[in-house]
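Me: I am new to this structure. Please take a close look at a single part of it, and set that part in its surroundings.

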Amino acid sequence: MRIDIITVLPQMLIEPMNCSILKRAQDKGLVEINIHNLRDYTTDKHKRVDDYPFGGEAGMVMQIEPIDNIISYLKSQREYDEVIYTSPDGEKFSQKIANSMSCLENIIILCGHYKGIDFRIREHFITREISIGDYVLTGGELAAAVMADAIVRLIPGAIGDEQSALSDSFQDNLLAPPVYTRPAEYKGWKVPDILLSGHQAKIDEWKLQQSLERTKLLRPDLLDDKK
Ligand code: ADE
């Protein structure tokens, strides 16, 4: 898989995209993540990528030309499955979307900024608009980082123990059960006996029960979604 991220703040993405599972997946050749500085694609001598909005609103708007330049350049190199724009107006990101995106070959993520982007970009280049939640971020970089992380960890081989991505919270619309490690007792606080019993079938049943109970308690909306 290849992810091209277009941003005016590459420094917000370079480190986060180079840590932990994201780094390992890139080192293993499972994914290529390229961060492009939009300012490198402007012909303006001051490297401006924004301008005042028509109609006199407050705030600046990202201009069409630099974005056209970079997206057209990338598209001349390969085909893209999606050109995603991060925006609070977008479809809400979810595990389901992460799953489907992890199966794609090439995606572009355009990080929004300022008051927004010239609407013609959304009409002519963007295939999908994604929000990571009902709050407003200063820019789309953190949203792009969240999406890239959630997507890349689902690529087979990205996580050491492949099972562990499958047992994540949300993977089957259930929250994950509690987990424990040694010591089996700490300050009198005990790990549930069942986990030490060695009866795998009973342990699995306990885990499912815990998942159901925790979901019912903490996120009952997820159980509604199952219907
Ligand atoms: N840009 C600003 N806020 C955002 C959000 N909630 N999700 C995605 N991109 C954004």
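Reply: K47 sits in the loop between β2 and β3 (50-51). Its phi is near 60°, a positive value in a residue other than glycine. Helices (H or I, at least four residues) and strands (E, at least two) are DSSP runs, numbered from the N terminus. This is a predicted model, in which local features need pLDDT of at least 70, side-chain atom pairs count only at pLDDT 80 or more, and totals for chains, interfaces and linings use all residues. Residues are numbered from 1 along each chain as its sequence is written, and side-chain values use heavy atoms, with hydrogens and water left out.

The strand before that loop, β2, belongs to an open sheet of 5 strands in the order β2-β1-β6-β5-β7, with parallel pairing; two strands pair if DSSP finds at least two bridges between them. Because β2 (32-37) and β7 (128-131) each have a single partner strand, they stand at the edges, and one side of each is left without a neighbour in the sheet. On average, neighbouring strands are turned by 30° against each other, direction ignored; axes are lines fitted to C-alpha atoms, for helices over the stretch in contact, and angles run from 0 to 180 degrees between N-to-C directions. Within the sheet, β5 (residues 82-92) and β6 (residues 106-111) run parallel and are joined by 5 bridges. I84 stands opposite I109 in β6.

Helix α3 (residues 64-77) packs on the sheet, touching β1 (2-7), β2, β5 and β6, and its direction makes about 165° with that of β1. Contact here means heavy atoms within 4.5 Å. Helix α6 (residues 141-152) lies across β1, β2, β5, β6 and β7, running at about 155° to β6.

Now the ligand. Residues around it include T86, S87, P88, I130, S131 and A143, a residue being near if one of its heavy atoms lies within 4 Å. Nitrogen atoms of the ligand make polar contacts, that is, pairs of N or O atoms within 3.5 Å. A backbone N or O atom of G133 lies 3.0 Å from a ligand nitrogen, a polar backbone atom of Y135 is 2.8 Å from one, and for a backbone N or O atom of L137 the distance is 2.9 Å. The protein covers 96% of the 260 Å² of accessible area that the ligand has on its own, by the Shrake-Rupley method with a 1.4 Å probe. Both β5 and β7 give two or more residues to the shell, and β5 gives the most, with 3 residues.

Notes. A polar contact is a pair of N or O atoms within 3.5 Å; within protein, one must be able to donate a hydrogen and the other to accept it, and residues adjacent in sequence count only if both atoms are side-chain atoms.
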